[in-house]
Every structure is written in structure tokens, then in C-alpha cells.
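Here are my notes on this model, point by point. Please read them with the structure open.

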Amino acid sequence: MSNAIPLAQPSLTDLERQAVLEVLHSPFLACGPRAETFSHSIAELCSRSSGIPCSSGTAGLTLVLAALGIGAGDRVVVPAFGFVAMANAVWSLGATPLFADCDPRTLNVELESVAKLLEHKPRAVLAAETFGNPAGMPELEALCAAHEIPLIEDACEGLGGRIAGRSIGGFGRASVFGFYPNKQITTGEGGVIVTDDTRLAERCRSLANHGRGEDGATFVRPGWNFRLDEMSAALGIAQLSRLSEILDRREAVAAQYTARLSGNVDLILPSVEQGCRPSWFAYCVRLTGRWNATVRDEVIEAMAGHDISCARYFPSIPKTPAWQGRCEPKACHTPVADSISNRTIALPFFADLSTSDVDIVCQSLELMIERATFRHRSSSNNQVDGFDQA
Ligand SMILES: Cc1ncc(COP(=O)(O)O)c(C=O)c1O
């Protein structure tokens with residue numbers, strides 16, 4: 001048995017195992033009732049009228065963009081600091097992402113940066129609750145509404161989070177969830193789109209099912225197979241019944257990390273803004289602006305040497321090899337995202353992470369930071385990035 005501490009791990013019980021087994025004794029492995037039940041329950045949780053099951057978060061984003069008619073020659077605002085699936089979904093339709101910089105406190109898109117990009121006439125704004133933090137989403141929704149531009153909420157990291165009395169998944173024209181095993185709840189692979197727009201829902205449903213019309217037989221438009229299978233949906237239904245227990249536990253793990261690390265002068269910890277209940281997807285710390293990617297990478301490597309898995313969440317997307325040189329210069333000036341992404345460290349984070357393992361992670365992290373920063377102290381320029389002083 002390994003004593004390694006993984007980065008993420010789903011919380012699974014016999015309830016989930018039984019639910020998946022039951023599907024194997026049923027007549028439906030695909031196109032059955034469970035996918036509909038699951039997506040309907042997710043929609044209800046977000047006070048949305050429609051829920052459309054799909055095969056992943058990326059598929060959900062692609063479906064919503066396509067259902068809005070976005071394609072070749074169009075532009076879509078996406079976060080520079082976030083998971084690459086958002087830019088990839090835009091790219092896969094032949095459209096061009098415009099990268100918005102991020103707010104150094106919340107790690108979500110910075111409003112002014114989005115406002116500037118609106119001058120380039122994008123067809124939509126795609127934005128996420130980074131690591132499950134909903135801060136700024138109501139303001140972003142208001143900005144998009146004022147410019148009559150559709151907001152697509154990438155809610156993949158935020159199931160169950162709330163802000164100002166509203167649920168993550170309730171903002172903008174449509175919202176997309178993904179249920180990969182590192183998420184709060186999982187379906188293996190899988191996703192759900194939620195919206196109050198019945199026509200958009202219908203188009204997404206059709207596009208996810210080879211372009212079939214409501215009769216299920218006529219092909220009314222070109223489409224994909226982006227359906228959710230019944231084993232995945234059954235797993236999702238069982239997981240959803242345990243959502244509040246899982247979220248509470250993740251919140252407790254986050255609180256333990258915060259209490260344990262808050263005195264460390266080399267670290268900036270996740271912020272929780274007033275009126276927000278984050279849904280903790282990941283616990284990401286970052287080294288202060290005094291340190292750079294070399295120090296961060298040494299810390300992550302040293303942690304791996306002690307069997308503790310950490311990750312570089314996230315690279316600044318416009319600076320990745322995939323996007324460097326591909327995006328318009330005016331749409332990839334993202335200094336905050338570039339700087340932050342060099343210094344972030346995602347710590348092991350999941351519901352069943354024990355108190356003693358959090359303690360081991362923190363002890364090791366502090367020691368590895370001390371070692372790495374000691375090695376680089378003389379080469380450090382002792383300059384703190386302005387935005388990190390807040
Ligand atoms: C913000 C965000 N968007 C999209 C995705 C893509 O979801 P999936 O892996 O289900 O395609 C993820 C997840 O990994 C994510 O974190």
C-alpha cells in the first residue's frame with residue numbers, strides 16, 4: 001500500500017457502486033431515464049428550468065457555443081487564467097478566443113479587462129468560477145447584460161457554491177457543469193448544461209444527439225454524439241444525494257489548510273469574499289511575487305519526492321505552447337495571469353483527506369518552501385508584484 005497523498009480523489013461509497021451495478025441489470029445502458037433525472041436535478045439545484053446531459057464539461061461548452069451560432073470568424077472572451085477547455089471549445093468551432101486577464105484576489109476574470117475586450121465585438125463571454133469561487137459573477141453578468149452580449153457560465157468548478165443568494169449555475173444565458181473525477185461530485189466523464197432558455201436547451205439537446213429533432217428520428221441539423229451514458233448518470237445521481245455532506249467536508253479541509261498556513265509570509269492563500277459561499281474545487285496557494293516559477297517548480301518537485309502530489313494550476317493559457325503566437329496580441333495581454341500562474345501550487349484536496357494528512361502536507365510544504373527560498377534568496381530581486389500587496 002502506498003502512503004502517497006494524491007492531488008484529488010473522488011468520494012465514493014457503496015451507494016454509488018450499487019447504483020452503477022443496477023444499470024447493468026437494466027435494459028438501458030445509454031439513452032435511458034437516468035441521464036434525464038440527473039440533469040433535471042442539477043437544473044433544479046441552480047433554479048434553472050432546463051438541464052441537458054452531455055458527455056463532458058468540454059462537450060457542454062462546445063454545445064452552448066454552437067447553439068448560440070458561434071463559429072468561424074467569431075470571437076469569444078475567455079479567461080487567461082483557467083482551464084484550457086474554455087479556449088479549446090472556442091477553437092474547435094473555428095472561432096477565436098480573446099483572453100481576459102484575472103483579478104489577483106479572486107482569480108476570476110477582471111471586469112475591466114473584459115470591458116476592454118468587448119470593444120473587439122466578441123459574440124459571447126465565457127467565464128468560470130475559478131476553483132469554485134463565485135466572486136464577481138453578478139457584476140460580470142451585469143456588464144454582459146448592459147452590452148447585450150451572452151454570458152456563458154463555465155460552472156465546472158463550482159457545483160453547490162452561492163453568491164448573493166444565487167447558485168453557481170444560475171448566471172448568464174446558460175451554465176455548464178463537468179463531472180470529471182477531480183470535481184466535487186463525479187460521473188467519471190460527464191457534464192450537464194443548465195439554462196432558462198427553452199429554445200437554446202432544445203438546440204443543445206439536438207446537437208448532442210447527432211442533430212436529431214424532437215421526434216428523435218429526423219436529423220434536423222448536423223451534430224455530435226455528446227450524450228451521457230446511464231452508468232455515468234447513475235453514479236451522478238448517487239453522488240448528488242451526498243452533495244451537501246461532500247461540500248461540508250471539503251469546506252472543513254479548506255478551513256484546516258487556511259488555519260494551518262495563514263502565518264506563512266511566503267504564501268498567499270485563497271480569498272473568500274463577503275457574501276460568497278465557495279464550492280471548494282481545489283485549494284491553491286501561491287508564492288508571493290518575490291518568488292518565481294523556478295522556486296515554485298522546485299517546491300512541487302520536492303513535494304513529489306515526499307509522495308505528495310501538487311500541481312501547477314493553471315498555466316496562463318495565452319502563454320502555453322498551444323496558444324503562443326496563435327492569438328491576436330491585443331487579445332492576449334494578461335500580465336496578472338502570467339505572473340500568478342508562475343507561482344500557484346494546488347495542494348492535495350478532496351473530501352476524504354484526513355486531518356493528519358493535511359498536517360503532513362502543510363509541514364512538508366513549509367519545509368520545502370523554506371529550502372527552495374533559501375537557495376534562491378540571493379537571486380531574488382526582493383520586489384513584490386504590486387497586485388500582490390492587496
Ligand atoms: C473550468 C473548467 N471548464 C471546463 C472543464 C472541462 O471539463 P471536462 O474535463 O469534463 O471536459 C473543466 C474541468 O476539468 C474546468 O475546470
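1. I start with a single residue. L365 sits in helix α12, which spans residues 355-376. Is L365 buried or exposed? L365 has 26 C-beta neighbours inside 10 Å, so L365 counts as buried. Bear in mind throughout that this is a predicted model.

2. L365 also gives a long-range distance. Its C-alpha atom lies 35 Å from that of A238. Along the chain, L365 and A238 are 127 residues apart.

3. Next, the domains. The assignment for the protein chain gives domain 1 as 14-240 and domain 2 as 243-388. Taken over C-alpha atoms, the centres of domain 1 and domain 2 are separated by 26 Å. Contacts between them involve 35 residues of domain 1 and 32 residues of domain 2.

4. Which elements supply the side of domain 1 that touches domain 2? β3 (96-100) and β6 each supply at least two residues of it. β3 gives the most, with 3 residues. By residue class, this side of domain 1 divides into 20 nonpolar, 9 polar and 6 charged.

5. β6 (162-163) comes up again in a sheet. The sheet is open and has 3 strands, in the order β7-β6-β11, with antiparallel pairing. Its edge strands are β7 (166-167) and β11 (276-277), and each of these pairs on one side only. β6 and β11 pair over 2 bridges, in the antiparallel sense. I163 has C276 of β11 as its bridge partner.

6. A second strand pairing deserves a look. Strand β12 (residues 283-287) pairs with β13 over 4 bridges, again in the antiparallel sense. One bridge joins C284 to A346 in β13.

7. Which residues of β13 are buried on each side? In strand β13 (residues 344-347), T344 and A346 are buried on one side. I345 and L347 are buried on the other, and both faces of the strand are covered. In a regular strand, side chains alternate between the two faces of the sheet.

8. Helix α6 (residues 137-146) has a buried side. M137, L140 and C144 are its buried residues. Why do they line one face of the helix? Seen down the axis of α6, the buried residues fall within an arc of 60 degrees, so they line one face. An α-helix has 3.6 residues a turn, so residues three or four places apart point the same way.

9. The other side of α6 looks outward in the burial count: E139, A142, A145 and A146 are exposed there. The cover over the buried residues of α6 includes α5 (111-117), β4 (124-128), β5 (151-154) and β6 (162-163). After α6 comes E148, with a positive phi near 50 degrees.

10. Last, the ligand. How many residues are around it, and which come nearest? There are 14 residues around the ligand, and S56, G57, T58, C156 and G178 come nearest. Helices are represented too: α3 (57-67) and α4 (85-92) each supply at least two residues of the shell. The shell residues divide into 6 nonpolar, 6 polar and 2 charged.

11. In short, three places to check by eye. One is the domain 1 side of the contact, where β3 gives the most residues. Another is α6, with M137, L140 and C144 buried and E139 among the exposed residues on the other side. The third is the shell around the ligand, to which α3 and α4 each supply at least two residues.

Note on methods:
Residues are numbered from 1 along each chain as its sequence is written. This is a predicted model: local features need pLDDT of at least 70, side-chain atom pairs count only at pLDDT 80 or more; totals for chains, interfaces and linings use all residues. A residue is buried if 20 or more other C-beta atoms lie within 10 Å of its own, exposed if 12 or fewer, and partly exposed in between; C-beta atoms are placed from the backbone. The arc is that of the directions from the helix axis to the C-beta atoms. Two residues are in contact if their C-beta atoms, placed from the backbone, lie within 7 Å. Two strands pair if DSSP finds at least two bridges between them. A residue is near a molecule or strand if its C-beta atom, placed from the backbone, lies within 6 Å of it. Ala, Val, Leu, Ile, Met, Phe, Trp, Tyr, Cys and Pro count as nonpolar, Asp, Glu, Lys and Arg as charged, and the others, Gly among them, as polar. Domain bounds come from an automatic or database domain assignment.
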